[in-house]
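Please load the model in your viewer, keep a selection panel at hand, and follow the stops below in the order in which they are given.

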Amino acid sequence: MKLDRGSPVPLYFQVARQLEEAIRAGDLPPGTRLENELELAARYRLSRPTVRQAIQHLVDKGLVVRRRGVGTQVVQPRVRRPIELSSLYDDLAAAGAEPGTKVLALGPVAASEEVAGQLGVAAGTEVLRVHRLRLTGGEPLALMTNHLPAGLVEVTAERLTEHGLYETLRDAGVNLRIAHQTIGARAATTAEARLLDERRGTPLLTMTRTAYDDTGAAVEFGTHVYRADRYAFSHTLVGK
């Protein structure tokens with residue numbers, strides 16, 4: 001690492017930038033553990049606050065995480081997903097991010113009041129529930145629960161392991177046209193933390209979406225949670 005102590009560029013930013021370049025070039029691949037703050041400070045003759053600020057810069061960009069008992073570790077780059085009517089599987093595949101799926105549950109259930117209201121059916125009506133863990137690069141990224149009207153599409157766990165839900169709907173002739181979506185955040189439950197390889201109470205991004213076909217019928221209601229250190233929504237805003 002080369003530092004220019006006479007440069008107007010802050011030392012912490014010089015450190016962070018060079019570590020980021022090494023991460024993006026693959027010289028520090030996912031899973032690599034960085035030296036601790038004291039070791040880095042001693043190696044490059046820097047103050048510990050300067051090193052801490054550099055590491056925090058990388059944490060904020062989603063390039064490394066701090067884990068108790070493990071230290072600072074390089075992770076897969078954060079997924080930035082555009083806010084549009086597409087599936088996470090399709091977006092990951094298009095970005096070359098190696099999507100993977102574990103189907104945790106698949107089968108008919110009685111619609112709760114919330115699900116029934118979103119799908120436009122009576123509470124207690126049988127609907128199809130799909131519960132999956134989405135991975136990228138072999139690491140967990142999101143937990144997704146989707147409800148669909150019964151009989152809308154024939155789907156198997158094997159199919160969903162290799163293909164996205166929206167692709168499966170399109171192949172069945174279902175034309176998605178519009179959706180209502182809400183994005184938020186909350187703390188991870190114990191079960192969610194275990195599946196996402198996080199600590200209980202860690203902040204997660206949340207998204208609920210109801211998608212409609214070209215006839216205006218609700219065809220899917222999804223409730224998803226995402227690891228905030230590896231996922232972000234991206235949207236372009238245009239002034240009026």
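The first stop is a small set of side chains around an enclosed space: the lining of the second largest cavity consists of 7 nonpolar residues, with no polar and no charged ones among them. Bear in mind throughout that this is a predicted model.

**Stop 1: the second largest cavity**

Select V15, L19, L40, Y44, L46, V51 and I55, the residues that line the second largest cavity, and show them as sticks. The space they surround comes to about 30 Å³, and by the rule applied here the structure has 2 cavities of 30 Å³ or more. If you colour by secondary structure, you will find that three helices, α1 (11-24), α2 (37-44) and α3 (48-60), each contribute at least two residues to this lining.

Now centre on L40, which belongs to helix α2. Is L40 buried or exposed? Its relative accessibility is 11%, and because the cut-off for buried is under 20%, L40 counts as buried. Leaving aside residues up to four places away in sequence, L40 is in contact with E35, V51 and I55, and V51 and I55 also appear in the cavity lining. For a distance label, join the C-alpha atoms of L40 and R52, which are 12 residues apart in sequence and 9.6 Å apart in space.

**Stop 2: the loop after α2**

From helix α2, step along the chain to R45, which sits in the loop between α2 and α3. Its phi is near 55°, a positive value in a residue other than glycine. With a relative accessibility of 64%, R45 counts as exposed.

A second residue to select for its backbone is D197, whose phi, near 60°, is likewise positive in a residue other than glycine. D197 is found in the loop between α8 (190-196) and β8 (203-213), and its relative accessible area of 49% makes it partly exposed.

**Stop 3: the aromatic pair**

How many aromatic pairs does the structure hold? There is 1, and selecting Y12 and F13 will display it: the two rings are arranged edge-to-face, with 6.3 Å from centre to centre and 75° between the planes. The angle explains the label, because planes over 60 degrees apart count as edge-to-face. Both partners are partly exposed, Y12 with a relative accessible area of 22% and F13 at 28% relative accessibility.

Keep Y12 selected and add Q56, a residue of helix α3. The C-alpha atoms of Q56 and Y12 are 9.7 Å apart in space, although 44 residues separate them in sequence. Q56 is partly exposed, with a relative accessible area of 30%.

**Stop 4: L63, between α3 and β1**

Moving on from helix α3, select L63, which is placed in the loop between α3 and β1. L63 is buried, its relative accessible area being 1%. Residues up to four places away in sequence aside, L63 touches E20, I23, R24, L58, Q73, V74 and V75. Of these contacts, V74 is a suitable one for a distance label: it lies 11 residues from L63 along the chain, and the two C-alpha atoms are separated by 6.0 Å.

**Stop 5: the largest pocket**

Next, switch on a surface and select V65, R66, R67, E198 and D229, which, of the 15 residues lining the largest pocket, are the closest to its centre. About 330 Å³ of space lies in this pocket. Which element gives the most to the lining? Strand β1 does, with 4 residues, while α3 and β1 (64-67) each supply at least two. By residue class the lining divides into 5 nonpolar, 2 polar and 8 charged residues, whereas the lining of the second largest cavity has no charged residues.

**Last stop: the whole chain**

Finally, zoom out and show the cartoon, in which the secondary structure comes to 8 helices and 10 strands. Of the 240 residues, 41% count as buried. Among contacts with a separation of 6 or more, 57% are between residues 24 or more positions apart. With a molecular surface switched on, you may also note that the accessible surface comes to about 12,800 Å², and that 50% of it belongs to carbon and sulfur atoms.

Notes
Residues numbered from 1 in each chain as written. Predicted model: local features only at pLDDT ≥ 70, side-chain atom pairs only at ≥ 80, totals over all residues. Heavy atoms only, no water. 1 Å grid on protein atoms, 1.4 Å probe; cavity = no way out; pocket = protein on both sides within 12 Å on 5 of 7 lines; lining within 4 Å. Points joined across faces, edges and corners; volume = space filled by probe spheres on them. Nonpolar A, V, L, I, M, F, W, Y, C, P; charged D, E, K, R; others polar. Buried < 20%, exposed > 50% of the residue type's maximum accessible area, 1.4 Å probe, protein only. Contact = heavy atoms within 4.5 Å. Areas by Shrake-Rupley, 256 points an atom, 1.4 Å probe, with all protein chains shown as cover. Phe/Tyr/Trp six-rings, centres within 6.5 Å; stacked < 30°, edge-to-face > 60°.
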